[in-house]
Amino acid sequence: MNEAEIKALVAEVLGGIAPEADLGTLGDDEDMRLALDLDSMDFLNMVVGLHERTGVDVPEADYPKLFTLAGIVEYFQ
Amino acid sequence: MPSLGADMESAILVEWSVKPGDTLRRGDIIGVVETEKGAIEIEVFEDCVVEELVVAVGTEVKVDGVLARLRGTREAAAPATAPARPAVVPPPAAPPAAAPREPVPRAVPPLPSTRVRASPAARREAKARGIALDGLTGSGVYGAVCLADVARAAAAAPARKPRGGFDPAAMRRAIGNAMSRSKREIPHYYLTQSISLGAALAWLARENESRPVTERLLPAALLLKATALALARVPALNGFFTDGEFVAGKGIHIGWAVSLRGGGLIAPALHDADRLSLTALMAKLRDLVQRARTGGLRSSEMMDPTITVTSLGERSAEAVLPIIYPPQVAVIGFGSVNERPWVDAGRVAPQPVVVATLGADHRVSDGHRGGQLLAEIDHHLQHPEAL
């Protein structure tokens, strides 16, 4: 997947978890948990959502790499 | 119309899921009502046949008002001239004697197929803008219609006159009413206890290493299970204060406080939490939070929590002094988890620490009993492998 595809995927997954959140204002290096007010349940659901669409099973130890949009792009590329 | 919480006075019928002549089993959905806290699916509490749907969709009905007339399937059909039996949907404090609500393990309820799922915020916005939800494609969890879907539809459609009645402060007012009643009537006492989560979180990290992402546990599941097991040992804090006396809860049904995006709070029940495995509890918790946010809660989840637990989660305050949700007699709070100096066997070492708090009703218990409950929660969290 390229960067644009991954970002579109994240937007799709987050749209189901935090529909009221405005992804347009989210910076690549911003901590999404803070910027979008995601709690640990929301974050887990995001990881599950990414897993269901990509087949990638992210170990819990790697969660901190997924806190930013840039981190997710790097991880799934 | 069942009371779906101490703060509810009435609700609007938004859908009938059945028609006269239909046979229903206990737990089946008969219809959906719109409350200040979103849409709730109404269940029937015994096997029955629908005789008459009394009110039309769109009608506002007060609590205890008749929605429908049902006939128990164990009764003979009523003679045509006899008045039909009143609705079996019971008021909250007095379930019909014929249908004891003994706790039974419940499967995750199937998703209803007929009703449009929508978040409370989307429902309000659609109502305010006069947009029909069933014409929209949902992009949310379970295909629920989200605020963004409504906004898209609103942008695409020519402006229409709002149907009115939209009150963004309704939920806040409902919470205010319930909490005012609580502060007015309930003599609260408060206890707090710092609990080391070192053992629990280390066990959790090891456990999650071997679990697929879909079955991973959150610390919240451990806090919930520890609380449920503690309540089984200290049942005096699990139940209701009604008609001047304590009535013990039949089962440990923990109301889990879920903050709704866009504001507000709702605390639906996780039934028989003490009897569920951590895996099952976690699955139920995820399902419950998602349904709370997409308007798919069921009446039984709103009617029978025997205690409330509120967990602030990360990036929040380190302790909460919570207010009891009447007619419950206790509420338990967990603050955020923070690294703190901790003394163990004469040595100071950093440990993840959570502050557990109890707000309890002095008409029912005292600090001694309350302290036992917090000590039990602490004890269970030191032995996570046994949760």
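## Helices and strands: worked exercises

In this structure, α3(A) and α6(B) are roughly perpendicular to each other. The model is predicted, so keep that in mind as you work through the exercises.

**Exercise 1.** Find the angle at which α3(A) and α6(B) pack, and list the residues that make the contact.

*Solution.*
- Step 1: Locate the first helix, which covers residues 40–54 of chain A.
- Step 2: Read off the geometry. The two helices pack at an angle of about 100°, and their axes are 11 Å apart.
- Step 3: Apply the cut-off. Angles of 65 to 115 degrees count as roughly perpendicular, and therefore α3(A) and α6(B) earn that description.
- Step 4: Look at the contact. From α3(A) come A:Met41, A:Asp42, A:Leu44, A:Asn45 and A:Val48, while α6(B) supplies B:Met282, B:Leu285, B:Arg286, B:Val289, B:Gln290 and B:Arg293.
- Step 5: Sort these residues by type. Six are nonpolar, two are polar and three are charged.

**Exercise 2.** Check the length of helix α4(B), then work out which of its residues are buried and what they pack against.

*Solution.*
- Step 1: The helix runs over residues 198–209 of chain B, which makes twelve residues.
- Step 2: At 1.5 Å a residue it should span 16 Å, and its end C-alpha atoms lie 17 Å apart, which agrees.
- Step 3: Search for covered positions. In α4(B), the buried residues are B:Gly198, B:Ala200, B:Trp203, B:Leu204 and B:Asn208.
- Step 4: Recall a helpful rule. An α-helix has 3.6 residues a turn, so residues three or four places apart point the same way.
- Step 5: Find the partners. The buried residues of α4(B) pack against elements of chain B including β8 (188–196), α5 (219–233) and α8 (367–381).

**Exercise 3.** Is α5(B) mostly covered or mostly open, and is B:Arg233 buried or exposed?

*Solution.*
- Step 1: Check the length. α5(B) has 15 residues and reaches 22 Å from its first C-alpha to its last, close to the 21 Å expected.
- Step 2: Twelve of the 15 residues are buried, and α5(B) is mostly covered. Among them are B:Leu222, B:Lys225 and B:Thr227.
- Step 3: Turn to B:Arg233, which also lies in helix α5 of chain B. Exposed means over 50% relative accessible area, and B:Arg233 is exposed at 59%.
- Step 4: Try a distance. From C-alpha to C-alpha, B:Arg233 and B:His253 are 15 Å apart in space, and they are 20 residues apart in sequence.

**Exercise 4.** Describe how β18(B) pairs with β19(B), and say how many residues of β18(B) are buried.

*Solution.*
- Step 1: The strands pair in the antiparallel sense over seven bridges. For example, the bridge partner of B:Pro341 is B:Pro350 in β19(B).
- Step 2: Inspect the hairpin. Two residues stand between the strands, and B:Ala345 takes a positive phi near 50°.
- Step 3: Count the buried residues. Of the seven residues of β18(B), the number buried is zero, so the strand lies largely in the open.

**Exercise 5.** Name the edge strands of the sheet β6-β1-β3-β4-β15 of chain B.

*Solution.*
- Step 1: This is an open sheet of five strands with mixed pairing.
- Step 2: β6 (60–62) and β15 (297–298) each pair on one side only, and they are the edge strands.
- Step 3: Look inside the sheet. β1(B) and β3(B) pair in the antiparallel sense over four bridges, and B:Trp16 stands opposite B:Gly31 in β3(B).

Technical notes: Residues numbered from 1 in each chain as written. Chains lettered and ligands numbered in written order. Predicted model: local features only at pLDDT ≥ 70, side-chain atom pairs only at ≥ 80, totals over all residues. Heavy atoms only, no water. Expected span 1.5 Å × (residues − 1). Buried < 20%, exposed > 50% of the residue type's maximum accessible area, 1.4 Å probe, protein only. Contact = heavy atoms within 4.5 Å. Pairing = 2+ DSSP bridges. Axes fitted to C-alpha atoms, helices over the stretch in contact; angles between N-to-C directions. Parallel < 35°, antiparallel > 145°, perpendicular 65-115°, else oblique. Nonpolar A, V, L, I, M, F, W, Y, C, P; charged D, E, K, R; others polar.
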